[in-house]
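Trainee: I'd like a close look at one part of this protein, the inside of it. Could you walk me through what packs together there, and then show me how the rest fits around that?

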Amino acid sequence: MMKGLLLSVCLFLTRISAIKSRPAFVEIGKTARPQNTTLNLKKSPIKDGVVDKKKEEEILDMAKWGALLKDIELLSGILADVVETENPRVHDLYTELREYGLERASALSVFNCETDGTEALAKMVSSAKQLDAKDAYGVMRTFALALNLVNAAEVHHGIRSMKNRLERNDTNEVCGPLPMVENSMAGTFDIILKEGLVSKDDLYQQLLRQKVEIVLTAHPTEVNRRTHLSKYRKVSEILAFLEQHPKDSYERSEALLELRRIIGSLWGSDEIRRTKPTVQTEALGGIAIIESVLWDAVPAYLRKLDAQCRLTLGKRLPIDTVPIRFASWIGGDRDGNPNVTPSVTKEVVMIQRLRAAKLFLKDFNELYGDLAISSRFTPEMEKRAAQILHSEDKREKYRRVIGHICQRLVKTVKVCEAKLSYLPEFSSGSDNFRVENGWEEVEPIWDSQDLMKDLRIMHDSLSNTGFRLLADGNLLDIIRRLSTFGMTLVPLDIREESTKHTEAIDCITRFLGIGSYK
């Protein structure tokens, strides 16, 4: 137990040490002094207390960490208050160990050579050795939650740093939708074109052929609960909100209250699994990543990539071009998990279809509200709307088609729920979507191309009748989501132990009368 506690503390301190080794400087270009009073000028990039103009960018990069430390202190303070209210002893132990850790982190800073932190580490070890199992568990929980809050702060800080870097850009170059850095598409375009490696047309064609597949994996100790994922994301969003509002504003005080509620809820919830997770449970954890992050992030990124292509290459991306794809082996790894049987694989695929149908149904309900258009349709759109016989939308042809799609998605949801109702892990959930009348008479949607046909017809019609802005709004995002995730969210990689393949081929060769394959 003590080893686990020390591991949590060391992880926390390593993170803090990496940040605190970058002190914040003030008065750039003039006499400058780090805010950390333990600075050793012999190791500082400042010579004789004056910042070299050539190192101004480097100093600014170091100064930015002060904002991250401020966020971490805010979150840590709220966590400490929450813990103190429920368990004062655990709070005192956490505070004591944290102070030792911060002392050691400061000692390990490259700007401090007065001590190596050995004394602080010895105090930490001594204090941890005296804890009983109950106290050690409480302190470990606190540090584990603190680490997750640091992660949330770093997510916000990464976005903030990128924005600050773009604002400091004093070049005459046009600021594009993507940052002009080497590991961004904008920076990559810039490097390739400046070096004359290929023409703009060749670069554009190469981009269209790019296929990057990211495979989702799972481990029982690595799959976070969906509610926790959404709460940590909310923490990052609130930190961004706080920066935009003055300290004495009502909106800021309400945001801080919400932050306290979230951290209190995280502290009160149980992150430890009391039962062994099933394969289906692991699959739901992987799906949670798609629902909480990728579902919105992918179309947002593709929108920026499209704008960058128009700016740099003079062409826009085709509406269904998606260089990023996702796959998963959760539920298909039969070579490494004896619990993954053919029936389990089938259940996981059905769960993925169910969640995809619900996500698309939510999107189409929103799109239904956007496209209340009653005039100017292409002949193909008129023909498609006329094929839908039963609809309350007589003049609004887009809504007529969208309503029919929603009926089919509801049917898909109902069929999947019926097939999964026997599973103890299954819950239909409380998703808010409108149940379209007449869904019993339509066919479910299993093939993404079946849905893509209607989306293309609507996009072409809007684009060619003066509604290009609407065509490139929510409708385009849905097209790109469908191109990326399909109707199953992710393809499932089936990994089978090689002996099974040998036996299968052997059966085939024996049946064909050509002998044994073994």
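Mentor: Let's start with the overall build. The protein chain has 18 helices and 2 strands, and keep in mind that this is a predicted model. Of the 518 residues in the chain, 46% are buried. Take the contacts between residues at least 6 apart in sequence: 76% of them join residues at least 24 apart. As for the outside, the chain's accessible surface is about 27,700 Å², and carbon and sulfur atoms account for 53% of that.

Now for the inside you asked about. The largest nonpolar core holds 68 residues, and the ones that touch the most other members are F364, L409, L455 and M458. Which helices build this core? At least two residues each come from α7 (185–194), α8 (200–209), α11 (279–312), α12, α13, α14 (397–420), α15 (448–464) and α17. The largest share belongs to α12, with 11 residues.

Zoom in on F364 to see what that looks like up close. Skipping its neighbours within four places in sequence, F364 is in contact with I402, I405, C406, L409, L451, L455 and I478. Two names there, L409 and L455, are also on the list of residues that touch the most other core members. There's another core too, lying apart from this one: it has 36 residues, including Y100, F143, L242 and L266.

Next, follow the chain out of α12. The loop between α12 (342–370) and α13 (379–386) contains R376. Its backbone is worth a glance, as phi of R376 is near 65°, a positive value in a residue that isn't glycine. R376 is partly exposed, because its relative accessibility is 48%.

Further along there's another case. L489 sits in the loop between α17 (474–485) and α18, and L489 also isn't a glycine, yet its phi is positive, about 70°. Is L489 buried or exposed? With a relative accessibility of just 1%, under the 20% cut-off, L489 counts as buried.

R495 lies in the loop between α17 and α18 as well. R495 has a relative accessible area of 33%, so we call it partly exposed. What does R495 touch, once you set aside residues up to four places away in sequence? The answer is W329, G332, D333, R334 and D335. To get a feel for that, compare two distances: R495 and G331 are 164 residues apart in sequence, but their C-alpha atoms are 9.5 Å apart in space.

Finally, let's go to the surface by the end of α18. I508, F511, L512 and I514 make a nonpolar patch there, with about 510 Å² of accessible area together. I514 belongs to the segment after α18 (498–511). Its relative accessible area is 62%, over the 50% cut-off, so I514 is exposed.

One last item is the cysteines. How many disulfides are there? The count comes to 0. Two of the cysteines sit in contrasting settings: C416 is buried, at 0% relative accessibility, whereas C507 is exposed, with a relative accessible area of 53%.

How values were computed: Residues numbered from 1 in each chain as written. Predicted model: local features only at pLDDT ≥ 70, side-chain atom pairs only at ≥ 80, totals over all residues. Heavy atoms only, no water. Patch = residues over 30% accessible without salt bridge, like charges linked within 9 Å, V, L, I, M, F, W, Y side chains within 5 Å. Areas by Shrake-Rupley, 256 points an atom, 1.4 Å probe, with all protein chains shown as cover. Salt bridge = Lys/Arg side-chain N within 4 Å of Asp/Glu carboxyl O. Helix = DSSP H or I, 4+ residues; strand = E, 2+ residues; numbered from the N terminus. Buried < 20%, exposed > 50% of the residue type's maximum accessible area, 1.4 Å probe, protein only. Contact = heavy atoms within 4.5 Å. Core = buried A, V, L, I, M, F, W, Y, C linked by side-chain atoms within 4.5 Å. Disulfide = S-S within 2.5 Å.
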